[in-house]
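The following exercises concern helix packing and pockets. Each task is followed by a worked solution.

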Amino acid sequence: MKEDKKKLNILFVCPTLSNGGAERVCVSWANGLSARGHNVDILIKPGAGITYQPDERVKVINLPRFACSLLNRIPLLSDTLRLRKLLKKGKYDVVVEVLFYLYFPIRLATWMIKPAIPAVFTSHDAMERPSNIRHPFKFILIKFFANRFYNHITVLTHRDWQILKSKGFSHVSVLHNPLFLKSKKIDPSEKKNLVLSVGRIDAWFYKGFDILIKAWNILYPDFPDWKLQIVGNSSDTSLKYLKSLILDKDSVEFVPFTNSIEDNYKEASIYCLSSRYEGWGLVIPEAMSRGCAVVACDFKGRQAEIINDGINGLLCEPQNVNELVLKLKTLMSNDELRRAIQTSAPMSLDNFKEEVVSQKLESILTKVCRT
């Protein structure tokens, strides 16, 4: 690290380090900043799972407990005072919020310390929804009111940056998600006739898995040697519903979430993001890094910040079954185009490398600490 850069004591606050994309992003941020010479801790819920293990330089901690049982019955007060105690003991320079864990206590505790510790809010989804999908009240409260009290906000895309700027937010930066996988040169001839999609199956409406299955029902009769694979954890109810939509049961496979998802990317020829709305889509660069030709539903320009349509992937309109069929059919039937995209995709991800994103985040945190 250059001599004019201060070594920061950074605390990330994230509920868990398992399963979700934002949790993996948090670990990647922590690893990247630690590699750049900063002291980094991650605060998680007691007993929370750790699927994504941070580097050994990064400490995973919990809030200290209070002996006073009465105080523990008032969560907001108890969490705020315990967090304040932790912040003072750790002498942190900045706190980074991830996924709303201790959302209000973070801001209250950092204000209670003199001088106040800056706090950064990180957004991991889109700042808008499609016109036919209502915003939950909590979404509106946090995204457009409560986060005003944070010193800085990071968003995933320039579209979201524009939305917050139009609402009077001044301290906002675009910070794309980091790609934890290293891009590899892939031999397209080793790929299987497999279309892959990954996501929480219980969130099938948001992820558009019903739309994908409807498109697949149209495609499969013309491509009997192809399979569709959907990877993600699910309740019996969601799985039963999605299976009921499938016309050819043998052509679609549901697989539980796996820590070795890289193996699924390696096998698949095509990756499909069928979401009705999506903040960015970490799965897109992950799949591209392993030579998948990606078809992504582009929610108001967000996925276009990853994919150059026709060059390193194909884009289509969300919630449009017929267009999704057309784009998937284009890749499934055109070996030359599919292999060209599979070859170019891993080479187009330099801006999302962990070290590049870590440097951008370092710049944001350094600036916040100087303000």
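The model is predicted.

**Exercise 1.** Determine which helix gives the largest share of the lining of the largest pocket, and describe that pocket.

*Solution.* Step 1: H1 gives the largest share of this lining, five residues. Step 2: helices H1 (21-35), H5 (137-144), H7 (204-207), H10 (261-267) and H11 (283-289) each supply at least two residues. Step 3: the lining consists of 46 residues, and Gly21, Ala22, Arg200, Tyr206 and Lys207 lie nearest the centre of the pocket. Step 4: by class, 21 lining residues are nonpolar, 13 polar and twelve charged. Step 5: the space in this pocket is about 1,200 Å³.

**Exercise 2.** Describe the second largest pocket in the same manner.

*Solution.* Step 1: its space is about 250 Å³. Step 2: of its 15 lining residues, Asn151, His152, His171, Val368 and Thr371 lie nearest the centre. Step 3: helix H4 (103-112), strand S7 (172-174) and helix H14 (354-370) each contribute at least two residues to the lining, and H14 has the largest share, three residues. Step 4: the lining comprises seven nonpolar, six polar and two charged residues.

**Exercise 3.** Classify the packing of helices H8 and H12 by their angle.

*Solution.* Step 1: H8 (residues 209-219) and H12 (residues 321-333) pack at about 55 degrees, and their axes are 9 Å apart. Step 2: H8 is therefore oblique to H12. Step 3: the crossing of the two helices is right-handed. Step 4: the contact involves residues of H8 including Ile211, Leu212 and Trp216, and residues of H12 including Val321, Leu324 and Met332. Step 5: eleven residues of this contact are nonpolar, none is polar and two are charged.

Conventions
Residues are numbered from 1 along each chain as its sequence is written. This is a predicted model: local features need pLDDT of at least 70, side-chain atom pairs count only at pLDDT 80 or more; totals for chains, interfaces and linings use all residues. Side-chain values use heavy atoms; hydrogens and water are left out. Axes are lines fitted to C-alpha atoms, for helices over the stretch in contact, and angles run from 0 to 180 degrees between N-to-C directions. Helices (H or I, at least four residues) and strands (E, at least two) are DSSP runs, numbered from the N terminus. Angles under 35 degrees count as roughly parallel, over 145 as roughly antiparallel, 65 to 115 as roughly perpendicular and the rest as oblique. A crossing is left-handed if the near helix is turned anticlockwise from the far one by less than a right angle, and right-handed if clockwise. Contact means heavy atoms within 4.5 Å. Ala, Val, Leu, Ile, Met, Phe, Trp, Tyr, Cys and Pro count as nonpolar, Asp, Glu, Lys and Arg as charged, and the others, Gly among them, as polar. On a 1 Å grid over the protein atoms alone, a cavity is a set of points where a 1.4 Å probe fits but cannot get out, and a pocket is an open set with protein on both sides within 12 Å along at least five of seven lines; lining residues have an atom within 4 Å of a point. Grid points are joined across faces, edges and corners, and a volume is the space filled by probe spheres set on the points.
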